[in-house]
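Let's work through a fold together, one small exercise at a time. Keep the viewer open and try each task before you read its solution.

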Amino acid sequence: LVIFMVTAPMMQRGLDVSLPEARRAEQLISERLFVTVPLEYRSEQIVQLGDDDVRIEILPERVQQELVGRTDKSVFLRGDGEITYRELVSVMDRLKEGGVEEVGLVLDLPGER
């Protein structure tokens, strides 16, 4: 979990690297899946799954659809700074219902705001 917390912000920004090409490697079929919990979650009960707004009640089904065919069953969770721990845990519970195996928390490092 600590590794996710430290590396997730770097993955989001990206680094300029020149990667070697593999001739026999399989192409990655999926991107990282992000779930965002905005402050409006308190009143509207809506989170963002990738770029789509999703009601919390149907989040498990939508996550299951997104994870079909993926070997990586992990999700990165971003939450507004005003969201409570209880609210984040309720979203994490819904993600687990949908088949997510690991939840990484995306944080800002000190001095990045």
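The exercises below go from the whole chain to one helix.

This is a predicted model, in which local features need pLDDT of at least 70 and side-chain atom pairs count only at pLDDT 80 or more, while totals for chains, interfaces and linings use all residues. Residues are numbered from 1 along each chain as its sequence is written, and side-chain values use heavy atoms, with hydrogens and water left out.

**Exercise 1. List the elements of the protein in order from the N terminus.**

Start with the count: there are four helices and five strands. Here helices (H or I, at least four residues) and strands (E, at least two) are DSSP runs, numbered from the N terminus. Next, read along the chain, and the order comes out as α-β-α-β-β-α-β-α-β.

**Exercise 2. Work out the strand order of the sheet and find its edge strands.**

First, look for pairs; two strands pair if DSSP finds at least two bridges between them. The five strands then line up as β3-β2-β1-β4-β5 in an open sheet with mixed pairing. The edges are β3 (52-55) and β5 (102-105), each of which pairs on one side only. From one strand to the next, the twist averages 30°.

Now zoom in on one pair. β1 (residues 34-37) and β2 (residues 46-49) run antiparallel and share two bridges. Thr-36 has Gln-48 in β2 as its bridge partner.

**Exercise 3. Which strands does helix α4 touch as it packs on the sheet?**

Use contact in the sense of heavy atoms within 4.5 Å. By that test, α4 (residues 85-97) touches β1, β2, β4 (74-79) and β5. Then compare directions, using axes fitted as lines to C-alpha atoms, for helices over the stretch in contact, with angles from 0 to 180 degrees between N-to-C directions. The direction of α4 makes about 160° with that of β4.

**Exercise 4. Which residues of α4 are buried, and why do they lie on the same side?**

Begin with the cut-offs: buried means under 20% relative accessible area and exposed over 50%, with partly exposed in between (1.4 Å probe, protein chains only). The buried residues of α4 are Glu-87, Leu-88, Val-91 and Leu-95. They share a side of α4 because they cover an arc of only 100° around the axis, the arc being that of the directions from the helix axis to the C-beta atoms.

Next, check the other side of α4, where Tyr-85, Arg-86 and Glu-97 are exposed. Finally, look at what covers the buried residues: the cover includes β1, α2 (41-44), β2, α3, β4 and β5.
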